[in-house]
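Please open the model in your viewer and keep the sequence panel beside it. The stops below can be taken in order, each beginning with something to select.

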Amino acid sequence: MPHSPATMETPPGATPEPPPNDSELRYLLLAAQREGARQMTGYLRPLNLTPAQAEILLVLAERAPLTLAEVGRLIVCESGSPSRIVDTLTKRGLIDREPGQVDRRVVYLRLSSRGEELLPALRDIDARTDAMVTDGLSPEEQLVMTHGLRRMLNGTPSGIALAARFGRGK
């Protein structure tokens, strides 16, 4: 079913753009995600990290100590359990595993000193990747897109992870 035109201001003398059809919108979202991933992958290459690895390191920097299950509930780049990625980061000396004080069966994850050394570069890469989105959109457009995407993802595993990570509900 076609959508009605969005009420967006058209600059004087410009031809208004027709609204996207359902397929175009879906492919625009997919293309934006791929471009962001491509850009971030390029930025991370010198650090020998993937976007999923970088996301886990950044989440641990913000929230550690966390259990593996808690990390899994806060990340978006990896579906399911992030155990394989955490194992790789542990073997590389970027994450430390610590048994719980009360229950030794519980294992907590935190950045190692080597992982912490990467944080300035990771935060810079994260900011440059964010700028790819924010530099191309007005604050009003960012707000409209953010609200629409939150609604679209509401109740999905990715939406739940984002809400938990950015403090937008349970």
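What follows is a tour of selected loops, helices and salt bridges in this predicted model.

**The loop between α1 and α2**

Begin by selecting Asn48, which sits in the loop that runs between α1 (22-44) and α2. Its phi is near 55°, a positive value in a residue that is not glycine. Most residues other than glycine have a negative phi. With a relative accessibility of 56%, Asn48 counts as exposed, because the cut-off for that class is over 50%.

Now add Thr50, which is found in the loop between α1 and α2 as well, and which counts as partly exposed at 38% relative accessibility. If you then select Ala37 and draw a C-alpha to C-alpha distance to Thr50, the viewer should give 9.5 Å, for two residues that are 13 apart in sequence.

**The loop between α2 and α3**

Move along the chain to Pro65, in the loop between α2 and α3, and display the backbone from Ala64 onwards, where the peptide bond from Ala64 to Pro65 is cis, with omega near 5°. Most peptide bonds are trans.

Thr67 belongs to this loop too, which is bounded by α2 (51-63) and α3 (68-74). Is Thr67 buried or exposed? Its relative accessibility is 16%, so Thr67 counts as buried, the cut-off being under 20%. To see what surrounds Thr67, select Val106, Val107, Tyr108 and Leu109, which are its contacts once neighbours within four places in sequence are set aside.

**Three salt bridges**

How many salt bridges does a search of the whole structure find? The search finds six, and the next selections show some of them.

Select Arg97 and Asp87, whose side chains meet in a salt bridge with an N to O distance of 2.3 Å. Arg97 lies in strand β1 (residues 95-99) and Asp87 in helix α4 (residues 83-91), so this pair ties together parts that are ten residues apart in sequence. Both partners are partly exposed, Arg97 with a relative accessible area of 39% and Asp87 with one of 33%.

Next, select Arg105 and Asp103, which form a salt bridge whose closest N and O atoms are 3.0 Å apart. Here Arg105 counts as exposed at 74% relative accessibility, whereas Asp103, at 27%, counts as partly exposed.

Then turn to helix α6 (residues 119-134), where Asp124 and Arg128 lie four residues apart, about one turn of the helix. Their side chains meet in a salt bridge (3.1 Å, N to O). An α-helix has 3.6 residues a turn, so residues three or four places apart point the same way. Asp124 counts as partly exposed at 39% relative accessibility, and Arg128 is likewise partly exposed, with a relative accessible area of 35%.

**Helix α8 and the residues after it**

For the last stop, select helix α8 (residues 157-165) and colour Gly159, Ala161, Ala163 and Arg165, which are buried. Which helices do the buried residues of α8 pack against? Showing α2, α3 and α7 (139-153) together with α8 will display these packing partners.

Finish just beyond the end of α8 by selecting Gly167, which takes a positive phi of about 65°.

Conventions:
Residues are numbered from 1 along each chain as its sequence is written. This is a predicted model: local features need pLDDT of at least 70, side-chain atom pairs count only at pLDDT 80 or more; totals for chains, interfaces and linings use all residues. Side-chain values use heavy atoms; hydrogens and water are left out. Helices (H or I, at least four residues) and strands (E, at least two) are DSSP runs, numbered from the N terminus. Buried means under 20% relative accessible area, exposed over 50%, partly exposed in between (1.4 Å probe, protein chains only). Contact means heavy atoms within 4.5 Å. A salt bridge is a side-chain nitrogen of Lys or Arg within 4 Å of a carboxyl oxygen of Asp or Glu.
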